[in-house]
Amino acid sequence: MPLFKFRVYWEDDDNIYRDIVLKTGQTFHSFHEAILTAFEFDHKHKASFFASNDNWGRGREIASDVLVNKKDAPALSMIKTPVSALVEKPDEKFVYTYDPAKKWTFLVELIGIDKEEDSKKEYPLCVKKEGVAPAQTGIKGLANERLMEIEEKYDLSSEDMSEGYGKEGDDDGGSSSEEESYGTEAEGSDDF
């Protein structure tokens with residue numbers, strides 16, 4: 001069975017994205033769950049996909065709260081609609097929204113089609129993560145694992161992190177030995 005490879009960008013920063021691979025027969029609901037897992041969001045709120053054009057305009061909706069596909073209905077059901085039913089061209093685009101109150105928006109683009117699936121892998125599958133996911137609740141900080149990931153990516157060692165930072169910014173109320181020696185030399189010098 002062929003596989004679709006989608007890139008899911010966070011609308012506010014296209015340097016933050018996840019690449020997700022799906023089997024052609026999998027539903028938009030499976031895709032929705034994979035996106036939430038890849039961006040570490042909870043699975044509590046309503047969501048929708050919208051068919052899109054090249055300018056990210058929103059077309060027909062595929063909604064999480066619609067349970068049955070009905071003829072001429074304004075929205076399709078995520079649970080009942082396979083992704084392949086709406087992929088008509090090799091660079092198909094969708095807009096994905098999550099949590100109507102917060103209005104999280106992601107831009108979804110088909111970036112590849114593989115002919116064969118790997119029987120040892122379970123799909124949908126996140127195959128690439130780029131950038132730190134936005135904090136859904138506003139309280140998520142950089143976990144140690146993510147900090148290590150950033151340090152490795154930019155090759156930052158503890159020496160590099162401390163380089164350029166000395167004691168000159170410390171405010172301990174006293175003067176440093178450099179200041180004392182400078183003051184002593186200036187007072188004892190008659191070369192002016």
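1. D99 counts as buried, at 8% relative accessibility. In this predicted model, D99 also has a positive phi of about 60°, although D99 is not a glycine. The residue sits in the loop that runs between β6 and β7.

2. K103 makes a useful counterpart to D99. K103 is likewise placed in the loop between β6 and β7, and its phi is near 60°, again a positive value in a residue other than glycine. With 65% relative accessibility, however, K103 counts as exposed, because the cut-off for that label is over 50%. D99, at 8%, falls in the buried class, for which the cut-off is under 20%.

3. One further backbone feature should be checked by eye. The peptide bond leading from Y123 to P124 is cis, its omega being near 0°. P124 belongs to the loop between β7 and β8, the latter strand covering residues 125-130.

4. On the interior: the largest nonpolar core comprises 30 residues, and F6, F31, F49 and Y96 are those with the most contacts inside it. At least two residues of this core come from each of β1 (3-10), β2 (13-23), α1 (28-38), β3 (47-52), β6 (93-98) and β7 (104-114). Helix α1 gives the most to this core, namely 6 residues. As a general point, nonpolar side chains in soluble globular proteins tend to be buried together.

5. Which residues does F49 touch, leaving out those up to four places away in sequence? The list consists of F28, F31, H32, I35, R60, E61, I62, M78, F94, V95 and Y96. Two of these partners, F31 and Y96, are named along with F49 among the residues with the most contacts inside the core of 30 residues.

6. Another core, of 5 residues, lies apart from the largest one; among its members are Y9, Y17, F50 and L107.

7. Is S77 buried or exposed? S77 counts as buried, with a relative accessibility of 0%, where the cut-off for that class is under 20%. S77 is part of strand β5, which spans residues 75-77. Setting aside neighbours within four places in sequence, S77 is in contact with I62, A63, V66, L67, V68 and N69.

8. Two distances complete the account of S77. Its side chain reaches the backbone nitrogen of K80 at 3.3 Å. The C-alpha atoms of S77 and D65 are separated by 7.3 Å, the two residues being 12 residues apart along the chain.

Definitions and conventions:
Residues are numbered from 1 along each chain as its sequence is written. This is a predicted model: local features need pLDDT of at least 70, side-chain atom pairs count only at pLDDT 80 or more; totals for chains, interfaces and linings use all residues. Side-chain values use heavy atoms; hydrogens and water are left out. A nonpolar core is a set of buried Ala, Val, Leu, Ile, Met, Phe, Trp, Tyr and Cys residues joined through side-chain atoms within 4.5 Å. Buried means under 20% relative accessible area, exposed over 50%, partly exposed in between (1.4 Å probe, protein chains only). Helices (H or I, at least four residues) and strands (E, at least two) are DSSP runs, numbered from the N terminus. Contact means heavy atoms within 4.5 Å. A polar contact is a pair of N or O atoms within 3.5 Å; within protein, one must be able to donate a hydrogen and the other to accept it, and residues adjacent in sequence count only if both atoms are side-chain atoms.
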